[in-house]
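Biologist: I'd love a close look at one part of this protein before I go back to the bench. Could you take me through it slowly and then show me some other spots worth a glance?

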Amino acid sequence: MVDDSLNRTGASLLIDALQKNGINNLYGVVGIPITDLARLAELRGMKYYGFRREDSAVDAAAAAGFLTKKPGVAMTVSAPGFLNGLTALAQATKNCFPLIMISGSSERHIIDLAQGDYEGLDQYNVAKPFCKKAYRVDRAQDVGLAVARAIRTAVSGRPGGVYLDLPADTIAQLNDDLGEKNMGVYKLVDPAPLQEPSDDAINRAVDIIKQAKKPLIILGKGAAYDRTEKQVQELINKTDIPFLPMSMAKGLVPDDDKHSAAAARSLSLKNADVVILIGARLNWMLSYGDAPQFNPEAKFIQLDIDATQFDSAQKISAPLQGDLTSILNKLVPALTATGYKVPSDWLDAIAQDTAKNDAKFAKRIKAGETNPEFGYYGAIEPINDYFQEHPDTYLVSEGANTLDIGRDMIGMKLPRHRLDTGTWGVMGVGMGYAIATAVETGKHVVALDGDSAFGFDGMDVETMCRYNLPITVVVINNGGIYNGVDNVVPDQLGPTTLDPTGRYDLIAKAFGGDNYYVTNYQEMKDTFATAVESGRPSIINVQIDPSMGKESGHIGNLNPELNLKPL
Ligand code: ADP
């Protein structure tokens, strides 16, 4: 046992360095060699949240990073724990969420000579392709510097995941070298320095927008992360440029704002002559900016912190590099000074298409209330009704049809209140994101999950109940991946089939949470608000018809189709 009464172990320095930089929550799964480190963190006033699997813990830290703009911190044990966390580290990096994943590891000399350590793996090198940067801290005296490097890397420039390798030796080592090179622990000065675009870059963008007859703003989760709601709303209100929010940018401008083109998505993308991307990438989710979804003549203006993003899929006619706040602080006054307003025929075209689509959608929702085959619309309508009345409720969502239909149905009024499967469209983020959201915001959280998605991390219901968090998990259960009626071979369960009568709600009961079971619209309407407002951990199993749900939801086109016939 190492006497830490002088606060000189690597573990102690790590905790001190995180706290000095305003990080007070840790998410993780303990075991060799980090168990005492977690205990010490609690003794020193940090809050440690223990999960049932590392990917949930790392997802939680990633969500914390997105919500707070400070890196979330997750801890795992070595090799298998590290590998379980690695997927979530990669996801956070893809999503541009700041995160530090710290894993206990074996000493370098044992790993490098392949001497066969307990859970021995060259984690430092394995992690490198999956994060922004990996660091390894071999001496206790370097812990302060290592934490500083990790924080700065996670939050500066394009945010992302950082891996910090922490050998067992360093955890218990005493920092005895008090020589000149020992920098101790310290608070970083300006961890994410602002970056302003040049006047030339701003003028170039203004010149293009000024000529636009059919401009469109696309808001991405980068804009939500950077807290640009004030600037974005001003830009839209002063110019009348319509906007399309990507799913995690919903609420940056309220979904019911008159400038929203969400219900006229196809029309607005197809016809826009100038597309202004604010913290959004022209990746698969935006069809790479290609025709026929986009107008082939469209000019693109992109606002992003990462200049290597420009021209990734289309020619960017006006690249604006910098943090979004600084860019918008220059762009909005420069553009509004020209007196630019969107031509009214463009707004009329969008308004007409919106009215037409809204009417169709309203019919579908209405039918969902009484449809004898209870489905997504009837299940989700009461959730939307609740969010309109209580916008300061957080929504986490995953699944295929559940995600897609929920995204279209549930209107958000506040920024950063929706977290979902993100850039990779990953299932299994729900519980980690929901738990961190409840912890970091103290608000009620709804985790809206398909039954398949919920299966990836359902055991963390125990975590939600153990910490008594105000989370309502809604499991929309159609008994399958996509749906529950697909058996290919008679007398054999099909690959997409799950248990259609599974009582997911009873998992909450097993751990002292509340459980609800609903089978129609009225029951859902009567139950949902009660569950959320109780402030108790709960699961609502929403039993919908197994035939409901399309293959891969709205992205079925990505499935290679085979001619499925027996030989
Ligand atoms: P979405 O999936 O919502 O379209 P993406 O994750 O594709 O959004 O895009 C987010 C973009 O925002 C990334 O290209 C990232 O570099 C950028 N970004 C993130 N944070 C900032 C910031 N603070 N300032 C500027 N750009 C940012």
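At 1.5 Å a residue, how far should the 13 residues of helix 7 (residues 143–155) span, and how far apart are its end C-alpha atoms?

Modeller: Happy to. First, this is a predicted model, in which local features need pLDDT of at least 70, side-chain atom pairs count only at pLDDT 80 or more, and totals for chains, interfaces and linings use all residues. Residues are numbered from 1 along each chain as its sequence is written, and side-chain values use heavy atoms, leaving out hydrogens and water.

Now your question. Helix 7 should span 18 Å, and its end C-alpha atoms are 18 Å apart, so the two values agree. (The expected span is 1.5 Å times one less than the number of residues; helices, H or I with at least four residues, and strands, E with at least two, are DSSP runs numbered from the N terminus.)

Next, its surroundings. Helix 7 is largely enclosed by the rest of the structure, because 10 of its 13 residues are buried. (Buried means under 20% relative accessible area, exposed over 50%, and partly exposed in between, with a 1.4 Å probe and protein chains only.) Beginning at the N-terminal end, the buried residues are Val143, Gly144, Ala146, Val147, Ala148, Ala150, Ile151, Thr153, Ala154 and Val155. They pack against helix 1 (10–20), helix 8 (168–172) and helix 10 (221–225), and also against strand 4 (99–105), strand 5 (133–136) and strand 6 (161–167). (Contact here means heavy atoms within 4.5 Å.)

Arg149 also lies in helix 7, but this residue counts as partly exposed because its relative accessible area is 44%. Between the C-alpha atoms of Arg149 and Val162 there are 9.4 Å in space, while in sequence the two residues are 13 residues apart. After helix 7 comes Gly157, with a positive phi near 55°.

Positive phi values turn up elsewhere too. One of the packing partners, helix 10, leads into a loop that ends at helix 11 (229–239), and Arg227 has its place there. Arg227 is not a glycine, yet its phi is positive, near 60°; at 37% relative accessibility, Arg227 is partly exposed. Beyond helix 11, the loop to strand 8 (243–245) holds Asp240. Asp240 is another residue other than glycine with a positive phi, about 70°, but Asp240 counts as buried, at 17% relative accessibility.

If you are checking backbone geometry, look at two cis peptide bonds as well. One joins Ile32 and Pro33, with omega about 5°, and Pro33 sits in the loop between strand 1 (25–28) and helix 2 (35–43). Another joins Ala291 and Pro292, with omega about 10°; the loop holding Pro292 runs between strand 9 (274–278) and strand 10 (299–304).

Finally, the cysteines. Searching the whole structure gives 0 disulfides, where a disulfide is a pair of cysteine sulfur atoms within 2.5 Å. For Cys96, the nearest cysteine sulfur belongs to Cys131 and is 14 Å away. Cys96 is buried, because its relative accessible area is 15%, and Cys465, with 10%, is buried as well.
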